[in-house]
Amino acid sequence: MNYISTRGEATPRKFCDILLEGLASDGGLYLPAQYPRLDASHLARLRDVYTRQGYAALAFEILALYIDDIPAADLRALCAKTYTEQTFGNAAIAPLKPLEAGLHLLALSNGPSLAFKDMAMQLLGNLFEYELARRGETLNILGATSGDTGSAAEYAMRGKKGIRVFMLSPHGRMSTFQQAQMFSLREANIHNIAIEGVFDDCQDIVKAVSQDLAFKRQYRIGTVNSINWARLLAQVVYYFAGYFQATPSNGQPVSFAVPSGNFGNVCAGHVARMMGLPIAQLVVATNENDVLDEFFRTGRYRVRAAASTHATSSPSMDISKASNFERFIADLLGRDGARVAALFGDALASQGQFDLGADPAFARVRAQYGFVSGKSTHADRLATIRDVHARHGLIIDPHTADGLKVARQHQQPDVPMVALETALPIKFAATIIEALGQPPARPARFEGIERLPRHVRVMPADAAQIKTLIARECAA
Ligand SMILES: *Cc1c(COP(=O)(O)O)cnc(C)c1O
């Protein structure tokens, strides 16, 4: 399998080449040159593998379709090492929980950081360690986080050979629980840096350091952000696992509802659908930051300014633009790299928006690709959390609530709907207390983490000081 850029740069690359890279050299995102199409017998075999051998074996079968530069035995071992009951708290890894007639939750947030990002990040940690060892190289991961990404990355990279993590977060602005999750880690390769500023200051520092190409090369600076193809690929697996659990056989279509921000999660659903998994609808649910809902309703994609990006009670979906969205548009436009470059390179840079509403391609978004959308507000979120608690005795997190609200709007008779559960409620206790007047349950392994010693440096919002710190740690 070769990988090419959404913007047309066509020098073929292999999986391990793009694993450690960010954007393609033309500024586009990497996509496989084509999606493997699974026929009925292949799909039947995957169901059998999943049923008999479980999630890790299914993950190997799917990853192997996209990765031909890691020996099969090694890839199988990496999957087996990643998707364990010990790491994900249950043998099914991503169990399906029936909620009511025709509506299920797919539990994706029982990993170490209690958010679905662990499903991909845990694999990424093992892939990075494997590939760096094979090349005899090291990597310094520099990232900015306002919560979920940082803790998922740190729990995936802790103790990994050849890898250091420098994670910037806005000082005092994450929830107490999220701070404790990250700052309680004691591994010497994890560096928490609380920046005196807001999340945008953290991101600006990452950008400034990455733009210093000499520094970036000398200190082998890398990222783990959601545009990484390996993360997306790892997420494709649970659409298959969810499908197999929701259906008795492969004739039955299923819809998925996905709480969305950067479009990484639901883009994996799109890939699964392109491979031939019988998905009826892909339901994109946004919060008040409705960049994606606006596009799927009107065809207009309009990036928001920082000032009009709302801080909401489902904060992991507070985005001004959806960084993975370019991948779907590339498929929609038949991989016309010049057009994708014109939209995402030129139009967004000069006007901050583009409009496909009048383009014949826009009609295909729903008819051919199955996308529909909706938006959920703070009031909707609270109402959904209360409703699910009253009817099912279950407490769901605010992001999952957004997904469920929009899922119910799009349910069709005779098509099971699978809503993705993207975090556990303990990460967002304040909103749960607001909705229910009681705090959510806390998994036993997180008992008392707020009282553990904190490993964090507080630093000013100054890229030069971050560079000095990285250089010093590398010399140590
Ligand atoms: C990251 C995240 C999302 C959004 O996922 P995208 O891939 O960015 O669309 C939704 N819910 C939770 C809890 C998250 O951490």
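Visitor: What makes the pair formed by an oxygen atom of the ligand and a polar backbone atom of F263 a polar contact?

Guide: An oxygen atom of the ligand lies 3.0 Å from a polar backbone atom of F263. A polar contact is a pair of N or O atoms within 3.5 Å, so the pair at F263 qualifies. This is a predicted model, in which local features need pLDDT of at least 70 and side-chain atom pairs count only at pLDDT 80 or more, while totals for chains, interfaces and linings use all residues. Residues are numbered from 1 along each chain as its sequence is written, and side-chain values use heavy atoms, with hydrogens and water left out.

Visitor: Which distances are found for the side chains of K117 and D148?

Guide: A polar side-chain atom of K117 is 2.5 Å from an oxygen atom of the ligand, and a polar side-chain atom of D148 is 2.5 Å from an oxygen atom of the ligand.

Visitor: Which residues come nearest to the ligand?

Guide: K117, D148, G261, N262 and N265 come nearest, of the 15 residues around the ligand. A residue is near a molecule if one of its heavy atoms lies within 4 Å of it.

Visitor: How do you know that F325 and V340 belong to helices that meet?

Guide: Helix 14 spans residues 325-332 and helix 15 spans residues 337-351; a helix here is a DSSP run (H or I) of at least four residues, numbered from the N terminus. F325, E326, I329 and A330 in helix 14 meet V340, L343 and F344 in helix 15, where contact means heavy atoms within 4.5 Å.

Definitions and conventions:
Axes are lines fitted to C-alpha atoms, for helices over the stretch in contact, and angles run from 0 to 180 degrees between N-to-C directions. Helices (H or I, at least four residues) and strands (E, at least two) are DSSP runs, numbered from the N terminus. A polar contact is a pair of N or O atoms within 3.5 Å; within protein, one must be able to donate a hydrogen and the other to accept it, and residues adjacent in sequence count only if both atoms are side-chain atoms.
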